[in-house]
Amino acid sequence: ELQKIVSEIENRTIKCPECSNVMADLGKDFKAPKKTAVKEWKIIESLLKTGKCFHTCGCDGIGYIPKNPNDYEMYLKTILQSYQESLISCQNKSIEEFPDKNEEINYWSDKIQKVKTEIADNKFGKV
């Protein structure tokens, strides 16, 4: 019975008190920027598209969150490089050494594509 109640609470739909649209689950550790911080909200929206969430155990916090478009561009390029290195590392392992190799390749490929899409959608460096 308790598990059912917990499940209902965790899976409930929460609507925005201002516009009544369904709110995204950004995690318990998410700290919202001011309403007027349009650039910061755009970055948060973009981070969500790349798979970034704000759920942590509380030990290290949510990590670095860029505050402006220039920092965000650098952040995306840095994580893209990190994801590409992880993909290459995975590809270089044998199936015997790493039985879940194909799943891991798909995982990193998906993350790489999401970041590339955000870089293209944000048109960094273009006027």
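# Close-up views of a predicted model

**View 1. S82 is a partly exposed residue of helix 3.** S82 counts as partly exposed because its relative accessibility is 36%, and partly exposed lies between the cut-offs of 20% and 50%. The values come from a predicted model. S82 is part of helix 3. Along the chain, 28 residues separate S82 from D110. In space, their C-alpha atoms are 13 Å apart.

**View 2. The largest nonpolar core has 20 residues.** Inside this core, I44, L47, L76 and V115 have the most contacts. Three elements each give two or more residues: helix 2 (38–49), helix 3 (69–91) and helix 4 (101–122). Helix 3 supplies the largest share, 8 residues. In soluble globular proteins, nonpolar side chains tend to be buried together.

**View 3. V115 and the residues it touches.** V115 is among the residues with the most contacts inside the largest nonpolar core. Which residues does V115 touch, not counting those up to four places away in sequence? They are T50, L76, I79, L80 and Y83. One of them, L76, is also listed with V115 among the core residues with the most contacts.

**View 4. Helix 2 meets helix 3.** Two packed helices are described by the angle between their axes and the distance between the axes. Here the axes of helix 2 and helix 3 come within 10 Å. They cross at roughly 15 degrees. That angle makes helix 2 roughly parallel to helix 3, because angles under 35 degrees count as roughly parallel. The crossing is right-handed. Helix 2 contributes K39, I43, S46 and L47 to the contact. Helix 3 contributes P69, Y72 and Y75. By class, the contact residues are 5 nonpolar, 1 polar and 1 charged. L47, part of this contact, also belongs to the largest nonpolar core.

**View 5. Helix 2 meets helix 4.** The axes of helix 2 and helix 4 come within 9 Å. They cross at roughly 150 degrees. Helix 2 and helix 4 are therefore roughly antiparallel, because the cut-off for that class is over 145 degrees. On helix 2, the contact residues are K42, S46 and K49. On helix 4, they are K114, E118 and N122. How many nonpolar, polar and charged residues does this contact have? There are no nonpolar residues, 2 polar and 4 charged. S46 of helix 2 takes part here, and S46 is also in the contact with helix 3.

Technical notes:
Residues numbered from 1 in each chain as written. Predicted model: local features only at pLDDT ≥ 70, side-chain atom pairs only at ≥ 80, totals over all residues. Heavy atoms only, no water. Core = buried A, V, L, I, M, F, W, Y, C linked by side-chain atoms within 4.5 Å. Buried < 20%, exposed > 50% of the residue type's maximum accessible area, 1.4 Å probe, protein only. Helix = DSSP H or I, 4+ residues; strand = E, 2+ residues; numbered from the N terminus. Contact = heavy atoms within 4.5 Å. Axes fitted to C-alpha atoms, helices over the stretch in contact; angles between N-to-C directions. Parallel < 35°, antiparallel > 145°, perpendicular 65-115°, else oblique. Left-handed = near helix turned anticlockwise from the far one by under 90°. Nonpolar A, V, L, I, M, F, W, Y, C, P; charged D, E, K, R; others polar.
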